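Visitor: I'd like to learn how to read the hollows and the surface of a protein. Can you walk me through one?

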Amino acid sequence: MAPSPRFGTGLPGSPDLLRSVFRQHAAGVAVITAETGGRPAGFTATSLNSVSADPPLLSFTIGTGASSWPAVRDSEYLGVHILGEHQRELAGLFARSGADRFGPATAWSAGPHGVPVLDGVLAWLVCRVAARVPAGEHRVIIAEAVAGDPAGEGRPLLYHQGRFNALRD
């Protein structure tokens, strides 16, 4: 079947094309945390996906050049936190390179398996890492939920067009 004249051949695949297309995709905002060597680490992720309900698996990606990669690489358990629209500053803090992510402005405590669990989130999970799959200069992390709490209050924070946004009705 020939391509429709309406669409033509499209643009060639490239990093710029992928980034441009995904700017149109609204994604939920999560913070992934880990503990390694007695120190907490974490980063903001918009690549969080549900993989399977049984067993309860999820996935996210992380660049191998990211400051949190060594902690994610070396940890058996990770924290996954779904942020609310009231947590734009927290999302920005965990997205900023070189920031003191677990400084005085961040309320957290050690959760199951010693994983840092953030306060005030919409929901959180502690997950056991099942796989770290190479994907270019990133790794796709597949993890199984072992504990959590979905009972936070508020509305989800979204990432769209390079900014953190609130959900509109």
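Guide: Sure! Keep in mind that this is a predicted model. Let's start with the elements around the largest pocket: α1 (15–23), β1 (27–28), β3 (39–45), β5 (57–63), α3 (88–95) and β11 (157–160) each give its lining at least two residues.

Visitor: How does anyone find a pocket to begin with?

Guide: Rolling a probe the size of a water molecule over the atoms shows where empty space is left. Here, the largest pocket has a volume of about 1,100 Å³.

Visitor: Which residues lie nearest the centre of the largest pocket?

Guide: Look for A45, T46, S47, T61 and H138, out of 36 residues that line the pocket. By type, that lining has 18 nonpolar, 15 polar and 3 charged residues.

Visitor: And what about the second largest pocket, what is its volume?

Guide: About 300 Å³. Its lining counts 14 residues, with R39, P40, A41, G42 and S67 nearest the centre. Both β3 and α2 (69–74) give two or more residues to this lining, and β3 has the largest share, with 4 residues. The mix for the second largest pocket is 6 nonpolar, 5 polar and 3 charged.

Visitor: Now the outside. Which residues make a nonpolar surface patch?

Guide: L18, V21 and F22 do, and their patch covers about 310 Å².

Visitor: Take F22: is it buried or exposed?

Guide: F22 sits in helix α1. The cut-off for exposed is over 50% relative accessible area; F22 has 51% relative accessibility, so it counts as exposed.

Definitions and conventions
Residues are numbered from 1 along each chain as its sequence is written. This is a predicted model: local features need pLDDT of at least 70, side-chain atom pairs count only at pLDDT 80 or more; totals for chains, interfaces and linings use all residues. Side-chain values use heavy atoms; hydrogens and water are left out. On a 1 Å grid over the protein atoms alone, a cavity is a set of points where a 1.4 Å probe fits but cannot get out, and a pocket is an open set with protein on both sides within 12 Å along at least five of seven lines; lining residues have an atom within 4 Å of a point. Grid points are joined across faces, edges and corners, and a volume is the space filled by probe spheres set on the points. Ala, Val, Leu, Ile, Met, Phe, Trp, Tyr, Cys and Pro count as nonpolar, Asp, Glu, Lys and Arg as charged, and the others, Gly among them, as polar. Patches are made of residues with over 30% relative accessible area and no salt bridge: like charges are joined within 9 Å, nonpolar side chains (Val, Leu, Ile, Met, Phe, Trp, Tyr) within 5 Å. Accessible areas come from the Shrake-Rupley method with a 1.4 Å probe; for residues, only the protein chains shown count as cover. A salt bridge is a side-chain nitrogen of Lys or Arg within 4 Å of a carboxyl oxygen of Asp or Glu. Buried means under 20% relative accessible area, exposed over 50%, partly exposed in between (1.4 Å probe, protein chains only).
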